[in-house]
Amino acid sequence: MDANLPPHPAASSDSPPQVGGGLPVLQYWAEHTLSPDGLKLWQTLFHKSACLSCAWGTGGQKGGFVNEAGEVLQRCAKSVEAIAAELQPAVPPEIFGQRTIAELQQLTSEQADRLGRLSVPLLLRAGHSHYERITWDQVYAIAESAFRRPAPRIASYSSGRSSNEAAYLLQLMMRALGSNNLADCSDLCHAASTVGLKQMFGSGTSMVSLEDLKQADCVVLVGSNAPANHPRLMNELIKLRDRGGKVIVVNPLKEVGLVKFASPAFPVKSLLRGSEIASLYLQPIPGSDTALFVGIQKSLIEQGLIHRDYLQAHTSGWEAVVHHAQSSTWETITSTCGLSQLEISTAAALIGTAERVVFAWAMGVTQHENGVDNIFSIANTALLTGNAGKPGAGTMPIRGHSNVQGFGSMGVTVHLKEEIRLALERLLDRPLSRVPGYDTRALIEAAASGAIDTLLCLGGNLYAANPDATQAQAALGQIETIIYLATKPNLGHFHGLAQHNTLILPVFARFENPHQTTTESGNNFVRLNDSGRTHLQRTELIAEVEFLSELAARLLGDTPVNWHQLQDPHYVRQLIAQTIPGFEQMATIDQIHVEFTIPGRIFHRPQFPTATGQAQMFVTPLPDLTLPQAQDFGIPDTIPSMVLALGTGRSYSQHNTVVYRPGDTYRGMPHRNCILLNAMDAATGGFQEHQRVTVQGDAGKLEQVEIIFGEIRQGAALMFYPEVNAIFQARIDARSGTPAFKRVPVVVYVPVNS
Ligand SMILES: Nc1nc2c(c(=O)[nH]1)N[C@H]1C(S)=C(S)[C@@H](COP(=O)(O)OP(=O)(O)OC[C@H]3O[C@@H](n4cnc5c(=O)[nH]c(N)nc54)[C@H](O)[C@@H]3O)O[C@H]1N2
Ligand SMILES: Nc1nc2c(c(=O)[nH]1)N[C@H]1C(S)=C(S)[C@@H](COP(=O)(O)OP(=O)(O)OC[C@H]3O[C@@H](n4cnc5c(=O)[nH]c(N)nc54)[C@H](O)[C@@H]3O)O[C@H]1N2
Ligand code: SF4
Ligand SMILES: [Mo]
């Protein structure tokens, strides 16, 4: 059985393992699958639907264990973790009946999730201390009047776990009501990739299929902790190394699973001793990836490894990019990224001499103030070496939520494609509003200024996913009505309260939906999810599609769109096929059961869907990475302190804002209130390992944080979200709206009186 992710033996900070994955993973599988709920878990694993967890896209019509290349035994332990959470019993009625909101606010993320599955509609009225159970009629009455507001004052936020059909209906309803306020979790995630790639290649998603990855002879993996967050990708890297290929990892932190990974998929050759992953591990200064890639470009030019014929024929703007690399001095490049010329040139030689290179990345590069430049610099490197538009090569953003890419395709975005806009206008028989919509950060700002009356959240946790939790809470508190559709309670339901009415509506998880639905993987593959049944008894779960179409029908009547008919996702798919280019096969997918790769996204020839057919290259200025001084945080220089660039992200056992288990064995972090930093920084600042310190950002501080030493670049540190979101206001990438979660200036010190 393949289960790539670790279980969580009591994490010890003293001896983090030397290998990622490994035997503990099997233990984890056994723990869950042999438990009293094991049978249900197995049934769900075999259910023909896409895995709930990440966008690697395992599962679907060929069975729950099959990947996009048709290979079996492809489920990882993260999948088990996600399913087990949805298979919990219903939240006992006394929880909401007896616990006040103040008590519920004391829960940690893990405790909130462990309450169980939401199973009845709930309402918290202003001034009341408890969530109360209400009927669906009451729900619709409140929702309907809440949405009868001026279009600019209504908004939605979504997370990428729901189906394509729900996503499509959400945006269709919002746009039919005249609003473009379709904030989405991707605004906090891969927006920089979408914006950057679209400008360069005319297409904002991966140009690489799983099959291409299998043909690559070099993978450059930038800012990704795949062993935890996309475990199945690790098997591709193991296979690539086995066939003699190279893996270049770019990450300020040495993630143990990227050095060596023991995969249960290969019991003989990998599981016991582990497989080497990185051929070259580069640890740049956080936020400096653009400088590193400009350095790689400079070295490629110096080594005579750029493909001038390709550039001339298939790109525009390349001369300026070459000139920029040539005129950036080695001194500036190396001092900005903190890597030596030798390290950079070694990477360039590996890339430049490989035949087929895939450039893959995740949050380590998108969540920066210059996120779009980071994408440009990576894609420029791909283009300079002719690695875009041929089999086995290209650019590959590694997407997050299991259907986050589908949400974008369905039009849940503030950057609606012109062709989709025109098709929707034909469908709705009216022009769409041209008022730009709020993305996630803009939505919080708008709410804070009192500009939003009504917010519908299709999944997710808007409160805890945003930086500056105090601001997020206050902003949501300005909204009159918030409607949360969710499967399980989360911190947002207890802290992200509206001014008047907060509703929590229980929905079916993907594998329980009474109708077939579809999802799209990060590799542009559309999956058909079979209908299913819930294990919950006597509950009032609703299908998201049913709720949205009923609400839309009440608000908009039944012309020109017959919303009532759209309660069956089959009819939603007809509209998708009609209005979303590339999704024509949606019309029949539920009849012929043929899943498909969206046409026009995977590029095997260097012809791109831009106006000229060429890829557009952009010059990428090197970032200025100066950090503030301790005094700028109000810490006098009489107190020992250190200012660090803090990266915030996921532990090994959480899914975004939902924590499954507290520690992170693989980084030696025994609990969540830890800061991982470099021993040299501690020595310079006069700190010791395990010392308890205060970590302060520009919006607050966390106290009693335990120092843990790790192999992280000097000057950098790591802490876990969502807890750490309490202490900083992230800077925002102006072009994509993405918060700089990966470079947060903080000061570490011990308060005088402690
Ligand atoms: N199990 C599990 N799976 C998940 C998720 C989950 O929470 N749990 N979340 C899903 C979602 S929505 C997403 S977006 C993805 C997230 O997947 P990832 O992007 O892999 O997750 P992060 O924890 O944000 O960490 C990214 C990595 O970036 C590195 N990094 C930090 N700063 C920099 C930098 O300046 N440069 C470079 N090159 N690297 C840097 C960090 O050290 C870390 O290893 O995973 C998806 N899959
Ligand atoms: N500091 C810091 N902050 C970050 C990040 C970071 O790296 N650092 N990463 C950012 C990123 S990449 C992302 S994507 C966001 C994540 O932000 P969100 O997507 O907003 O948050 P999640 O924690 O994934 O949402 C989990 C909730 O979704 C609900 N849910 C699960 N399945 C379903 C379903 O099928 N339907 C419905 N309706 N609800 C469901 C459950 O109630 C669950 O509690 O966080 C961002 N915030
Ligand atoms: S790699 Fe992602 S999609 Fe595949 S089984 Fe694991 S969590 Fe699910
Ligand atoms: Mo994400």
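In the predicted model, a nitrogen atom of ligand 2 lies 3.0 Å from a polar backbone atom of L485. Side chains also take part in the polar surroundings of ligand 2: an N or O atom in the side chain of Y157 is 2.6 Å from an oxygen atom of the ligand, and an N or O atom in the side chain of E544 is 2.6 Å from a nitrogen atom of the ligand. Of the 920 Å² of accessible area that ligand 2 has on its own, 97% is covered by the protein.

The shell around ligand 2 contains 35 residues, of which Y157, S159, E544, T657 and N725 come nearest. By residue class, this shell divides into 14 nonpolar, 15 polar and 6 charged residues. Strands β15 (481-486) and β21 (641-649) each contribute at least two residues to the shell. Ligand 2 lies between domain 2 (93-189 + 406-582) and domain 4 (630-749), because both domains give residues to its shell.

Ligand 1 is surrounded by 30 residues, and the closest are K78, N225, E255, Q654 and N656. A polar side-chain atom of E255 is 2.5 Å from an oxygen atom of ligand 1. Backbone atoms contribute as well: a backbone N or O atom of M363 lies 2.9 Å from an oxygen atom of the ligand, and a polar backbone atom of G223 is 3.4 Å from a nitrogen atom of the ligand. The protein covers 97% of the 920 Å² of accessible area that ligand 1 has on its own.

Two or more residues of the shell around ligand 1 come from each of α11 (226-229), α20 (363-366) and β22 (654-655). The shell comprises 10 nonpolar, 15 polar and 5 charged residues. At the domain level, domain 3 (191-399) and domain 4 (630-749) each supply at least three residues to the shell around ligand 1.

An unreviewed UniProt entry annotates residues 644-745 as "domain: Molybdopterin dinucleotide-binding". Over residues 644-745, the chain is 7% helix and 34% strand, and the C-alpha atoms at the two ends are 6 Å apart.

The protein as a whole has 31 helices and 28 strands. Its radius of gyration is 25 Å, close to the 27 Å that the globule rule gives for 754 residues, and the protein is therefore as compact as a globular protein of that length. The C-alpha trace spans about 70 × 65 × 55 Å along its principal axes.

Notes: Residues are numbered from 1 along each chain as its sequence is written. Chains are lettered from A and ligands numbered from 1 in the order in which they are written. This is a predicted model: local features need pLDDT of at least 70, side-chain atom pairs count only at pLDDT 80 or more; totals for chains, interfaces and linings use all residues. Side-chain values use heavy atoms; hydrogens and water are left out. A residue is near a molecule or strand if one of its heavy atoms lies within 4 Å of it. A polar contact is a pair of N or O atoms within 3.5 Å; within protein, one must be able to donate a hydrogen and the other to accept it, and residues adjacent in sequence count only if both atoms are side-chain atoms. Accessible areas come from the Shrake-Rupley method with a 1.4 Å probe; for residues, only the protein chains shown count as cover. Helices (H or I, at least four residues) and strands (E, at least two) are DSSP runs, numbered from the N terminus. Ala, Val, Leu, Ile, Met, Phe, Trp, Tyr, Cys and Pro count as nonpolar, Asp, Glu, Lys and Arg as charged, and the others, Gly among them, as polar. Domain bounds come from an automatic or database domain assignment. UniProt positions are given in the numbering used here, feature names are shortened, and annotations may be inferred rather than shown by experiment. The radius of gyration is taken over C-alpha atoms; the globule rule is 2.2 Å times the number of residues to the power 0.38.
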